[in-house]
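Trainee: I have just been handed this one and would like to go through it slowly. Could we start with a single residue and then widen out?
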Amino acid sequence: MLPTGVEVLTEGAVLERLAGGLAVTAGVAFSSIAISTGLGLLIGLLRTLPLRLLRFCGWLHLELFRIIPILVWLFIVYFGIPNLLDIHLDGRLVAVAVFSLWGAAELGDIVRGALTSLPVHQVESGKALGLSFWQLYRYILLPQAVRRLVPGAINLATRMVKTTSLIVFIGVADVVKIGQQVIERSILTVPMASFWVYGLIFVLYFCLCYPLSRWAKHLETKWEG
Amino acid sequence: MEWNGAFVAKVLPLYAKAFWLTLELAVWGIALSLIIGLVCSLIQYYRVRGLQQVTAIYVEVSRNTPLLIQLFFLYYGFTKLGIHWSEETCAIVGLAFLGGSYMAESFRAGLDAVSQAQLESGLSIGLSRWQLVLYVILPQAFAVTLPGLGANAIFLLKETSIVGAIAIPDLMHVTQDLIGMYYQTFELLALLVGAYLIMLLPVSAALRWLERRVRYAAYGR
């Protein structure tokens, strides 16, 4: 039996509404990736400095996000902070804040790994030439580290896009929520609605993530040899 | 804010139940994804014609879509095709579908690390193909693969936090329900975090120990 009822996707304003939901999802993903790129570069640089306290804070930040699932973090911030401070928080704001802090921790680790994997003589030669601290990073270390960190950073971006699907749990009207509304409205007349709507969202996420991971793999092989 | 001990004592059994359920789903998911991953990586390693393309597509689809959407599609979409499964089965299938591709990539990295000379030496002393796989390739690949497999296991353990979405009374689901009923947000969130820490800290510590061991085995330091 072939599934029918694909009309559910084309009738009325369903496609427009799903596109609107996708825009919310993409907005959260893009803002989080942008913020965590800036923050992650800074954290990565700071974690290479020989300061004990700074290193400990960086390690703690990373471990907190590595051990506790992101969904739990969304719950802590979305339910916990309003309860503590007696304010209301918008789900989108919470999502961007949590994803940015998580992405910054992970990217910070990638940047730190790339910088510390450079041969020591690069730093020593730079210093011997009399380069200042900033010149050393700006002209010697960062340009070389970029190749080692970009593929990992793109893979992280793919993971962040996938994780945006969780924002439906904290009441954001993202593409998943809109999909659920479409299904609820038409489930009595079109029993196959959930198959088609979730199928479409599945394909949409794949179309967002697949080019990113291909690009990362391409850069990895290109820069390896 | 005051810690409501009586309330915590009241909900603690619910959390204990959810804890074991979450762990059970994770263990099944991890075990199945190990099998799927090993089979897929061997198919890719030996370039089995026909199957190789299928596994390549599977790995890309599984890695580039979120678990939540995979679960929704399996649970709400597939039932419409006449496939009926319980929430728990669905969650385990979802976790195995997601984890299988991650395990496959880790296994493949290990298989690729076994040098050509090892294979040729094995063949030249007259080992059969299966003996070669069992006694030469897998033991060496396994050592390289272990940290990756451990990291994937932690990843899957954390991903189980999503299965509450298909009406499984796991830790997240129980927390969400109880917050809605009692508004004891602080205690409930603390219990939630505590439960995940109890589950994940030992695994993460074991993984770190394992990584050190493997590095020692590989480089002798």
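Trainee: Is Ala97(A) buried, partly exposed or exposed?

Mentor: Ala97(A) counts as partly exposed, at 37% relative accessibility, where buried means under 20% relative accessible area, exposed means over 50%, and partly exposed is in between, with a 1.4 Å probe and protein chains only. Before going on, please keep in mind that this is a predicted model, in which local features need pLDDT of at least 70 and side-chain atom pairs count only at pLDDT 80 or more, while totals for chains, interfaces and linings use all residues. Residues are numbered from 1 along each chain as its sequence is written, chains are lettered from A and ligands numbered from 1 in the order in which they are written, and side-chain values use heavy atoms, with hydrogens and water left out.

Trainee: Okay, and where does Ala97(A) sit?

Mentor: Ala97(A) is placed in helix 4 of chain A, and the C-alpha atoms of Ala97(A) and Asn155(A), which are 58 residues apart along the chain, are separated by 20 Å.

Trainee: What does the secondary structure of chain A come to overall?

Mentor: Chain A has eight helices and zero strands, where helices (H or I, at least four residues) and strands (E, at least two) are DSSP runs, numbered from the N terminus. The radius of gyration of chain A is 22 Å, well over the 17 Å that the globule rule gives for 225 residues, so chain A is more spread out than a compact globule. That radius is taken over C-alpha atoms, and the globule rule is 2.2 Å times the number of residues to the power 0.38.

Trainee: What box do the C-alpha atoms of chain A fill?

Mentor: Taken along the principal axes, the box is roughly 75 × 50 × 25 Å. Of the 225 residues in chain A, 47% count as buried, and among contacts between residues at least 6 apart in sequence, 78% join residues at least 24 apart, a contact being heavy atoms within 4.5 Å.

Trainee: Going back to helices, what about Gly27(A), how exposed is that?

Mentor: Gly27(A) is partly exposed, with a relative accessible area of 31%, and lies in helix 1 of chain A, residues 14-48. Its C-alpha atom is separated by 15 Å from that of Cys209(A), although the two residues are 182 apart along the chain.

Trainee: And outside the helices, where is Asp86(A)?

Mentor: Asp86(A) lies in the loop between helix 3 (70-85) and helix 4 (91-116) of chain A, and Asp86(A) is exposed, with a relative accessible area of 72%. The phi of Asp86(A) is near 60 degrees, which is a positive value in a residue other than glycine.

Trainee: Switching chains, how many helices does chain B have?

Mentor: Chain B has eight helices and zero strands, and its C-alpha trace spans about 70 × 50 × 25 Å along the principal axes. Of its 221 residues, 47% count as buried.

Trainee: Which residue of chain B has a positive phi near 65 degrees?

Mentor: That is Ala167(B), a residue other than glycine, and Ala167(B) lies in the loop between helix 6 (129-159) and helix 7 (171-182) of chain B. At 45% relative accessibility, Ala167(B) counts as partly exposed.

Trainee: What about Ala6(B), buried or exposed?

Mentor: Ala6(B) is exposed, with a relative accessible area of 61%, and its place is in helix 1 of chain B, residues 5-45. Ala6(B) and Thr79(B) are 73 residues apart in sequence and 42 Å apart in space, C-alpha to C-alpha.

Trainee: Last topic, then: how many residues does the contact take from each chain?

Mentor: The contact takes 36 residues from chain B and 39 residues from chain A, and the area buried between the two chains is about 3,400 Å², of which carbon and sulfur atoms give 76%. Buried area here is the accessible area (1.4 Å probe) that two parts lose on being put together, summed over both.

Trainee: Which three residues supply the most of what chain B buries against chain A?

Mentor: Those are Asn64(B), Ile69(B) and Lys80(B), which supply 17% of the area that chain B buries against chain A, more than any other three residues.
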